[in-house]
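Work through the exercises below with the sequence and the model at hand. Each task is followed by a solution in steps.

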Amino acid sequence: MATQDKNGKIKGKFNNVVYRELDGKQVLQIAPARVKQTYATKLNALEFGLASAQASVLRNFLRRVYEEADGKMAARLTAAVAACIRASAKDIGERDLHDADLDPLKGFSFNTNAPFERLVAVSPSYRVFPDGRFEFSLPPFNVMKDIHYPPDYIRYHPSFLIAVTAFHFRKEYARLIDKEVFDFKNIDQQVEIEWSSSRRLPKGAIVIVTFSLRYQSTNWAGQRIQIKDKAFYPTVILDAFHVTDEMATLGEEAGFANPTTHIVEFGTNANHILQDIQRFKKRMAKMKK
């Protein structure tokens, strides 16, 4: 609503005219008419909401893994999930992360302020076998010389964490499949990491493999303390893949052990969003007739 001040100048909006002051002068602007969303724009907006809902689940369940994140991580992860879904050959409303190409998630860094390549001189390698077995390797490195440590009087020691987590968005549950921690003393020594996970994978789930580095020390009371500088909290998604029927069957036939934890259920509006998209498409189809 437009108002007039004691000097006779008008400020505010009247109909589609906006009154404001610029450099001491009265300025009038025509407000743009309401923009009508196109069919495609509305569909894409609804699907982006789906991507946001599924990315939120990933963030919440992986929170203890990445611990610290940069300020734009949530937006970047949502964009990566959206890119995965868009790569599906299925139509909008008939697809979610389970139909997606998961490549945009691979290599995703939760904290761009702490890139692995800046902190660790060697790069990991990994492989997923047809039965779901996961193998990881970090080639030989010198703990003292090949890891970048914070400039602090405290002597920190490196701790690596590999975690394998399964998500099923349609059945709405997540499950930690396996994890392993590798602690090293910050001394002049040559070490390497070779790790294999042979656990049964839930059919139809999405598996996210994360790799993290933490810097830890011990105080005078023998308690473990962790660095507070966010620039030393690197966590990356090493791999992301779908658990096929064959993969689940072969893992069971091989006698693989069960996952390390029980199923944790979660609530999400992803399924409701898919239903909303279908209703919108039907409504638009009727309007075209």
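The model is predicted.

**Exercise 1. Helix α1 against helix α6**

Task: Determine how the axes of α1 and α6 are oriented to each other, and which residues make the contact.

Solution.
Step 1. The axes of α1 and helix α6 (residues 270-288) cross at roughly 170° and come within 9 Å.
Step 2. Angles over 145 degrees count as roughly antiparallel, and α1 and α6 are therefore roughly antiparallel to each other.
Step 3. On the α1 side, the contact is made by Y39, K42, L43, L46, E47, G49, L50, A53 and Q54. On the α6 side, A270, I273, L274, I277, F280, K281 and M284 take part.
Step 4. Sorted by class, this contact has 11 nonpolar, 2 polar and 3 charged residues.

**Exercise 2. One residue of α6**

Task: Find which residues K281 touches, leaving out those up to four places away in sequence.

Solution.
Step 1. K281 lies in helix α6.
Step 2. Beyond the sequence neighbours left out, K281 touches Y39, L43, D91 and I92.
Step 3. L43 and K281 are 238 residues apart along the chain, while their C-alpha atoms are separated by 8.2 Å.

**Exercise 3. Helix α1 against helix α3**

Task: Classify the packing of α1 and α3 by angle and give the handedness of the crossing.

Solution.
Step 1. Helix α1 (residues 39-61) and helix α3 (residues 73-86) pack with their axes 8 Å apart, at an angle of about 120°.
Step 2. An angle between 115 and 145 degrees falls in the oblique class; α1 and α3 are therefore oblique to each other.
Step 3. The crossing in which α1 passes α3 is right-handed.
Step 4. From α1, the contact draws on E47, F48, L50, A51, S52, Q54, A55, L58 and R59. From α3, the residues are M73, A74, L77, T78, V81, A82, I85 and R86.
Step 5. The residues of this contact divide into 11 nonpolar, 3 polar and 3 charged.

**Exercise 4. The partners of strand β8**

Task: Establish how β8 pairs with β7 and with β13.

Solution.
Step 1. Strand β7 (residues 157-168) and strand β8 (residues 173-183) run antiparallel and are joined by 10 bridges.
Step 2. Within this pair, V164 stands opposite D178 of β8.
Step 3. The β7 and β8 hairpin has 4 residues between the strands.
Step 4. β8 is also joined to strand β13 (residues 264-265), by 2 bridges and in the antiparallel sense. Here Y173 stands opposite E265 in β13.

**Exercise 5. Positive phi outside glycine**

Task: Where do E67 and E172 lie, given that each has a positive phi?

Solution.
Step 1. E67 is not a glycine, yet its phi is positive, about 60°.
Step 2. E67 is found in the loop between α2 (63-66) and α3.
Step 3. The relative accessible area of E67 is 27%, so the residue is partly exposed.
Step 4. E172, also a residue other than glycine, has a positive phi near 60°. E172 lies in the loop between β7 and β8.

**Exercise 6. Strand β12**

Task: Is strand β12 largely enclosed by the rest of the structure or left open, and how does β12 pair with β10?

Solution.
Step 1. Residues count as buried under 20% relative accessible area.
Step 2. In strand β12 (residues 235-242), 7 of the 8 residues are buried, so the strand is largely enclosed by the rest of the structure.
Step 3. β12 and strand β10 (residues 206-218) pair in the antiparallel sense over 7 bridges, and F211 stands opposite V236 in β12.

Methods. Residues are numbered from 1 along each chain as its sequence is written. This is a predicted model: local features need pLDDT of at least 70, side-chain atom pairs count only at pLDDT 80 or more; totals for chains, interfaces and linings use all residues. Side-chain values use heavy atoms; hydrogens and water are left out. Two strands pair if DSSP finds at least two bridges between them. Axes are lines fitted to C-alpha atoms, for helices over the stretch in contact, and angles run from 0 to 180 degrees between N-to-C directions. Angles under 35 degrees count as roughly parallel, over 145 as roughly antiparallel, 65 to 115 as roughly perpendicular and the rest as oblique. A crossing is left-handed if the near helix is turned anticlockwise from the far one by less than a right angle, and right-handed if clockwise. Contact means heavy atoms within 4.5 Å. Ala, Val, Leu, Ile, Met, Phe, Trp, Tyr, Cys and Pro count as nonpolar, Asp, Glu, Lys and Arg as charged, and the others, Gly among them, as polar. Buried means under 20% relative accessible area, exposed over 50%, partly exposed in between (1.4 Å probe, protein chains only).
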